[in-house]
Amino acid sequence: MGGVVVELQFEADELKSVLNRLRRAQGQISGVIKMIEEGRDCEDVVTQLAAASRALDRAGFAIIATGLQQCLVDPARGGADSGTTEQMKARLEKLFLSLA
C-alpha cells in the first residue's frame, strides 16, 4: 500500500457520531450472537445481522468522509510520507470501495 498516510482528526460531534454507530453495531452483533445461541428464527437473525452490517457501513463511510474532507481542505495534512495528491486520492478511493 504506497506511502500515503491519512491521519484523521475528528471534531467532537463527528467522533461522537462514529462511536455511537460503532456501539450500535456492537450491540446488534451481541444480539445476533444471543439469538443464535437461543435458536431464534433464521429470518430474525438475518434481519438483525443486516442492521449490524448497515451500522458498520455507516461508521466506515463517516470515517472515510472525514478523511476525504480533511485531504481536500489540506492535502499536505498527511505529513512528509503523504505521497502525491494522486496517491492519496487512490488510497481513499480504495478505502471507499472496500465498503461498497
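**Exercise 1. The salt bridges around Glu 38**

Task: In this predicted model, determine which residues are linked with Glu 38 in a network of salt bridges.

Solution: Begin with the side chains of Glu 38 and Lys 34, which meet in a salt bridge with an N to O distance of 4.0 Å. Next, turn to Arg 40, whose side chain meets that of Glu 38 in a salt bridge at 3.9 Å, N to O. The structure holds two salt bridges, and Lys 34, Glu 38 and Arg 40 are linked through such bridges in a network. As a last step, consider accessibility: Glu 38 has a relative accessible area of 45% and is therefore partly exposed, while Arg 40, with a relative accessible area of 41%, is likewise classed as partly exposed.

**Exercise 2. The span of helix α1**

Task: Work out what span the 26 residues of α1 should have, and compare that value with the distance between its end C-alpha atoms.

Solution: Take 1.5 Å a residue, counting one less than the number of residues, so that the expected span of α1 is 38 Å. The end C-alpha atoms of α1 are 37 Å apart, which agrees with the expectation. Beyond the helix, α1 is followed by Gly 39, which has a positive phi near 70°.

**Exercise 3. Buried and accessible residues of α1**

Task: Decide whether Gln 28 is buried or exposed, and then do the corresponding classification for Ile 33.

Solution: Gln 28 has its place in helix α1, and its relative accessible area is 15%, which lies under the 20% cut-off, so Gln 28 is buried. Leaving aside residues up to four places away in sequence, Gln 28 touches Gln 48, Ala 51, Ala 52 and Ala 55. The buried residues of α1 also include Val 18, Ala 25, Val 32 and Met 35. Ile 33, also found in helix α1, counts as partly exposed because its relative accessibility is 45%.

**Exercise 4. The nonpolar patch and the whole chain**

Task: Identify the element that gives the most to the nonpolar surface patch, and then describe the chain that carries the patch.

Solution: The patch, of about 450 Å², is made by Leu 15, Leu 19, Leu 22, Ile 29, Ile 33 and Leu 56. Helix α1, which covers residues 12-37, gives the most, with five residues. The protein chain has three helices and zero strands, and 22% of its 100 residues count as buried. Its accessible surface comes to about 6900 Å², with 56% belonging to carbon and sulfur atoms. Finally, among contacts with a separation of 6 or more, residues 24 or more positions apart account for 77%.

Definitions and conventions: Residues numbered from 1 in each chain as written. Predicted model: local features only at pLDDT ≥ 70, side-chain atom pairs only at ≥ 80, totals over all residues. Heavy atoms only, no water. Patch = residues over 30% accessible without salt bridge, like charges linked within 9 Å, V, L, I, M, F, W, Y side chains within 5 Å. Areas by Shrake-Rupley, 256 points an atom, 1.4 Å probe, with all protein chains shown as cover. Helix = DSSP H or I, 4+ residues; strand = E, 2+ residues; numbered from the N terminus. Buried < 20%, exposed > 50% of the residue type's maximum accessible area, 1.4 Å probe, protein only. Contact = heavy atoms within 4.5 Å.
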